[in-house]
Amino acid sequence: MYLIRRMFSWRIANPVLSGLCRSFLWMLMGALVLSLLLWGSNLKEQDLSMYTYIVHGIAAAFGGLTAGRRATRKGWYQGCLTGAFYGIIVLLIGFMALDNSPAGADLLWIMVAAAIGALGGMFGVNLQRS
């Protein structure tokens, strides 16, 4: 049992990287839920834009929370970095997939993701185990 627990319990020491991994896991779960919602109802893809922003906000918040928990101090800073990198990576993937050019609203989206991540980091640094 110890061998199995040791094989499946890996930990990333860098707070930002662990927060990014956690935020992308939350994004994948949210995308799965939205896909099931789209499949099981009569919604169209254009109707899901607000829900995708909600999923990204939740993912950035939980990524910042994880980064804040891993950091010993300055949780807002680690969470802000996590949210900003999350926003940049999501936008880069979107630009490569949709062949769009960056716009001014994209910078605003990165700043909002960074602010949500910073808020999550503030909560996360206070949730540390003693």
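**Reading the largest pocket and the ring pairs**

The lining of the largest pocket in this predicted model divides into 14 nonpolar, eight polar and two charged residues.

User: Which helix supplies the largest share of that lining?

Analyst: Helix α4 does, with seven residues. At least two lining residues come from each of α2, α3, α4 and α5. The pocket holds about 830 Å³ of space, and His 56 is among the residues closest to its centre.

User: Why is His 56 called buried?

Analyst: Buried means under 20% relative accessible area. His 56 has 17%, so the residue counts as buried. It sits in helix α3, and beyond its neighbours within four places in sequence, His 56 is in contact with Met 27, Tyr 86, Val 90 and Trp 109.

User: What makes the pair of Phe 24 and Tyr 86 tilted?

Analyst: Happy to show you! Stacked needs planes under 30 degrees apart and edge-to-face over 60. The planes of Phe 24 and Tyr 86 are at 55°, so the pair is tilted. Both residues are buried.

User: And why do the rings of Trp 26 and Phe 62 count as stacked?

Analyst: Here the planes are at 10°, so the pair is stacked, given the cut-off of under 30 degrees. The ring centres of Trp 26 and Phe 62 lie 4.3 Å apart, against a pairing limit of 6.5 Å. Trp 26 is in helix α2 and Phe 62 in helix α3, so the pair ties together parts 36 residues apart in sequence.

User: How do you know whether Phe 62 is buried or partly exposed?

Analyst: Partly exposed lies between 20% and 50%. Phe 62 is at 33%, so Phe 62 counts as partly exposed.

How values were computed:
Residues numbered from 1 in each chain as written. Predicted model: local features only at pLDDT ≥ 70, side-chain atom pairs only at ≥ 80, totals over all residues. Heavy atoms only, no water. 1 Å grid on protein atoms, 1.4 Å probe; cavity = no way out; pocket = protein on both sides within 12 Å on 5 of 7 lines; lining within 4 Å. Points joined across faces, edges and corners; volume = space filled by probe spheres on them. Helix = DSSP H or I, 4+ residues; strand = E, 2+ residues; numbered from the N terminus. Nonpolar A, V, L, I, M, F, W, Y, C, P; charged D, E, K, R; others polar. Buried < 20%, exposed > 50% of the residue type's maximum accessible area, 1.4 Å probe, protein only. Contact = heavy atoms within 4.5 Å. Phe/Tyr/Trp six-rings, centres within 6.5 Å; stacked < 30°, edge-to-face > 60°.
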